[in-house]
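Which charged side chains pair up in this chain, and where do they sit? Look at the sequence and the structure first.

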Amino acid sequence: MKPSSVATEDKETMPMFKTILVPVDGSAPSNAAVALAVRLARDQDAKVVFTHVCEIAKFAAMVSSSTASIASYALEAERDAGEAALRDAVDRANGGGVDADSWIEEGSCVDTILSSARQHKADLIVIGSHGRGGIARALLGSVAEGVLRHSSMPVLVTRASGA
């Protein structure tokens, strides 16, 4: 007889994760998160939702009568880069046999990621981290840390090899 504290594995059990949200920005840590999420999704028979957040506040700070066109160009470049990162992530997921959607959103990164996770009924967030510490983290902030601190669902943080 097995001890009651040992759970038995049943091959017919439901997957732990059905929807995995992955914020992407095209960086090495983001690409590592995409790769990990695709592997997890394949193992769990889950769907992946990729999101890219354009932080409008960064561009709004640039706006004045003389810099409005520069801010507009910068925002357009940010959207283009986000769309490219999303296309790449979806292609990687589909190439790995995983169903994937993508969304480009606007707002503050942490709040928008968490809102997107709720909206898409994600049960896991996989996010890349640059692994900054000390002054760099204090000055630049950490989206991954903010998501980790404020999420009501599991968050898996990964770094790129050598990061």
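This report covers the salt bridges and then two residues with unusual backbone angles.

**Salt bridges**

The model is predicted. Side chains of opposite charge can pair when their charged atoms come close. Here the count comes to 3 salt bridges.

| Acidic residue | Basic residue | Closest N to O distance |
|---|---|---|
| Asp101 | Lys47 | 2.6 Å |
| Glu106 | Arg79 | 2.2 Å |
| Glu145 | Arg149 | 2.8 Å |

Start with Asp101 and Lys47, whose closest N and O atoms are 2.6 Å apart. This pair links distant parts of the chain. Asp101 belongs to strand E3, residues 100-106. Lys47 belongs to strand E2, residues 47-54. In sequence the two are 54 residues apart. Asp101 is partly exposed, at 31% relative accessible area. Lys47 is partly exposed as well, at 28%.

Next comes the bridge between Arg79 and Glu106, at 2.2 Å from N to O. Arg79 lies in helix H3 (residues 68-95) and Glu106 lies in strand E3, so the bridge ties together parts that are 27 residues apart in sequence. Arg79 has a relative accessible area of 30%, which makes this residue partly exposed. Glu106 is partly exposed too, with 42%.

Strand E3 therefore carries a partner in each of these two bridges: Asp101 and Glu106.

The bridge between Glu145 and Arg149 has its closest N and O atoms 2.8 Å apart. Both residues lie in helix H6, residues 143-150. They are 4 residues apart, about one turn of the helix. How accessible is Glu145? Its relative accessibility is 22%, so Glu145 counts as partly exposed, since buried means under 20%. Arg149 is exposed, with a relative accessible area of 62%.

**Positive phi angles**

Which residue in the loop between helix H1 and E2 deserves a look? Asp45 is found there, and helix H1 spans 28-44. Asp45 has a positive phi of about 55° although this residue is not a glycine. Asp45 is exposed, with a relative accessible area of 69%.

Lys121 also has a positive phi, of about 55°, and is not a glycine. Lys121 is found in the loop between helix H4 (109-119) and strand E4 (124-128). With a relative accessible area of 67%, Lys121 is exposed.

Terms used
Residues are numbered from 1 along each chain as its sequence is written. This is a predicted model: local features need pLDDT of at least 70, side-chain atom pairs count only at pLDDT 80 or more; totals for chains, interfaces and linings use all residues. Side-chain values use heavy atoms; hydrogens and water are left out. A salt bridge is a side-chain nitrogen of Lys or Arg within 4 Å of a carboxyl oxygen of Asp or Glu. Buried means under 20% relative accessible area, exposed over 50%, partly exposed in between (1.4 Å probe, protein chains only).
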